[in-house]
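This report describes how parts of one protein chain pack against each other. Please keep the sequence and the structure in view while reading.

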Amino acid sequence: MPDRPAPSSRRRPLLLLAVLVAAAALLLPPAAAQRAASATIDDVATAAARAGASGIGDRYFPADGSGGIDVTTYDVHVRYDFARGLLAGRTRIVLRTTQALRSFGLDLLLPVQAVRVDGRPAGFSKPTRHELRVRPTRPLAQGRRVVVVVDYAGRPGELSYLGERNWLADRREVVTMNQPHMAPWWFPANDHPSDKARFDIRVSVPRGREVVSNGELVRRSVRDGVATSHWRSREPMATYLAFFAAGDFVVERGRTDGLPWVNAVSAQLPPRVRAGQQRLLRRTPGIVRWLERELGDYPFRSTGGVVTALPVYFALENQTRPTYYAGSPDDVSLVVHEQAHQWFGDSVALERWRDIWLNEGLATWLEVRYAETHGGPSGPEWLRDQYASRPAGDPFWRLRIGDPGAARIFDEAVYVRGAMTAQALRERIGAADFGVLLRRWAATHRHGNATGVQFRAMAEQVSGEDLDGFFAAWLDTASRPAPTAANGLG
């Protein structure tokens, strides 16, 4: 149990002690005075310090993240052995304490060999398979910058969390892609979207293998037959979006209209499939430019994508470089969806998982919008067809997508009904105001976090309308919205 803060009546002696020690320090030589002042600060910090909560406070995933810390940067260096499925890593984390701490947690499934805090060996334990509890040699004061280094190693493919076995690898390829959890399989993290940070990712593999990750390639070096690739993400990123792909990949690089891109397609795919996937990924910069016309400036410095041969059967919006499976060579809508996430989900990240419809609904709606502007059905036609094809008794309507529950955050209704909500809102407030809303949302919360409540408030601010009934019908009710103009269905 976390230690309780001392009652105010017990703080007075501590404050008096601090004053007396500080006064005595005035009579000491400078070096001794400095040590005395430091001891006083440490004593006060010790009295206030307590254990950081085991969880950041998201009721969907109570064990995710940790209380009392705010991570600013991760420097992750891992070495992967394809034959043995063994990953060894050292991660350097820079964080700031948001309260005085005796200990704090990080999310990591792999066995840990050593932890250092500000250069000193620290105590550590694994109270659960998922949590690494770190105990510095001295308590940490609130607001302090802290450097934590963790050494660890193990076989990620043998590990699970909440029923998820997320490690994707064979003897020639590995891709760290999954949602809502991925980080704890390969680096220690404050693993919740509300704590975004900047990343340096270094991956060491045999020199004949390629490595692709988020952001921009800083350097690739080779020593004793081992190649280390260093990738850097300068903009803040949620931990589940950090990734690397390593193995036998065909990598292409280029620049379109000034935007750098990096694409990688698995060499394990049959040649015709690989060629089709390369053609598909080359369309990414053009899709990004189209999205900019809808949403405003692209929020990152590079783009691209990765296609794996591993049997994953889903795509994921890893920041700057989404990962795809080897699906249809003509599946442009999937690229539109994942690139739309760069605005909705990556740059503007969730504050809590309950608002997942903002990510998936808006990305799915942009698929509809792209089809509308490229010879497909109009948005209103699509909305009417979706509504008519799903009668009132359809299970599709039995989910409150504004708060679907942890087990159903990726239900079809979250995606499709979320997109229907977006299109219905466009019908309700008009295309012009809806366009302003999306651009303002992306700009206001750029590289930050936001909530569904904030989205509703901004929609009302932009449109000048009371939209409580509209959002209640579409997001808060487990039933089919009435076909009225107030619900965008008139």
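Helix H7 (residues 379-388) packs against helix H8 (residues 412-429) at an angle of about 130 degrees, and their axes are 10 Å apart. Helices (H or I, at least four residues) and strands (E, at least two) are DSSP runs, numbered from the N terminus. Axes are lines fitted to C-alpha atoms, for helices over the stretch in contact, and angles run from 0 to 180 degrees between N-to-C directions. H7 and H8 are therefore oblique to each other; angles under 35 degrees count as roughly parallel, over 145 as roughly antiparallel, 65 to 115 as roughly perpendicular and the rest as oblique. In H7, Gly379, Pro380, Trp382, Leu383, Gln386 and Tyr387 meet Val416, Ala419, Met420, Gln423, Ala424 and Glu427 of H8, where contact means heavy atoms within 4.5 Å.

The model is predicted: local features need pLDDT of at least 70, side-chain atom pairs count only at pLDDT 80 or more, and totals for chains, interfaces and linings use all residues. Residues are numbered from 1 along each chain as its sequence is written, and side-chain values use heavy atoms, with hydrogens and water left out.

A second pair of helices is H4 (residues 284-295) and H6, which pack at an angle of about 100 degrees with their axes 12 Å apart. H4 and H6 are therefore roughly perpendicular to each other. Ile287, Trp290, Leu291, Glu294 and Leu295 of H4 make this contact with Leu366, Arg369 and Tyr370 of H6.

H4 also helps to cover helix H3 (residues 271-281), whose buried residues are Gly276, Gln277, Gln278, Leu280 and Leu281. The cover includes strand E17 (249-256), strand E18 (259-266), H4, strand E19 (303-308), strand E20 (323-325) and helix H5 (332-340). Buried means under 20% relative accessible area, exposed over 50%, partly exposed in between (1.4 Å probe, protein chains only).

The aromatic side chains come next. The structure holds 20 aromatic pairs; rings of Phe, Tyr and Trp (its six-membered ring) pair if their centres lie within 6.5 Å, with planes under 30 degrees apart counted as stacked, over 60 as edge-to-face and the rest as tilted. Two of these pairs are set out below.

| Pair | Centre to centre | Angle of planes | Type |
|---|---|---|---|
| Phe187 and Phe199 | 5.7 Å | 80 degrees | edge-to-face |
| Trp357 and Phe455 | 5.8 Å | 85 degrees | edge-to-face |

Phe187 lies in the loop between strand E11 (173-175) and strand E12 (197-206), and Phe199 lies in strand E12, so the pair ties together parts that are twelve residues apart in sequence. Phe187 is buried, with a relative accessible area of 0%, and Phe199 is buried at 1%. The other pair links distant parts of the chain, with Trp357 in helix H6 (residues 356-372) and Phe455 in helix H10 (residues 452-463), 98 residues apart. Trp357 is buried, with a relative accessible area of 2%, and Phe455 is buried at 1%.

Tyr387, already met in the contact of H7 with H8, belongs to one aromatic cluster with Phe396, Trp397, Phe470, Phe471 and Trp474. The charged end of Arg480 sits over the ring of Tyr387, 3.7 Å from its centre. Likewise, the charged end of Arg209 sits over the ring of Phe82, 4.4 Å from its centre. A charge sits over a ring if NZ of Lys or CZ of Arg is within 6 Å of the ring centre and within 35 degrees of the ring normal.

For the chain as a whole, there are eleven helices and 22 strands. Of its 490 residues, 54% count as buried.
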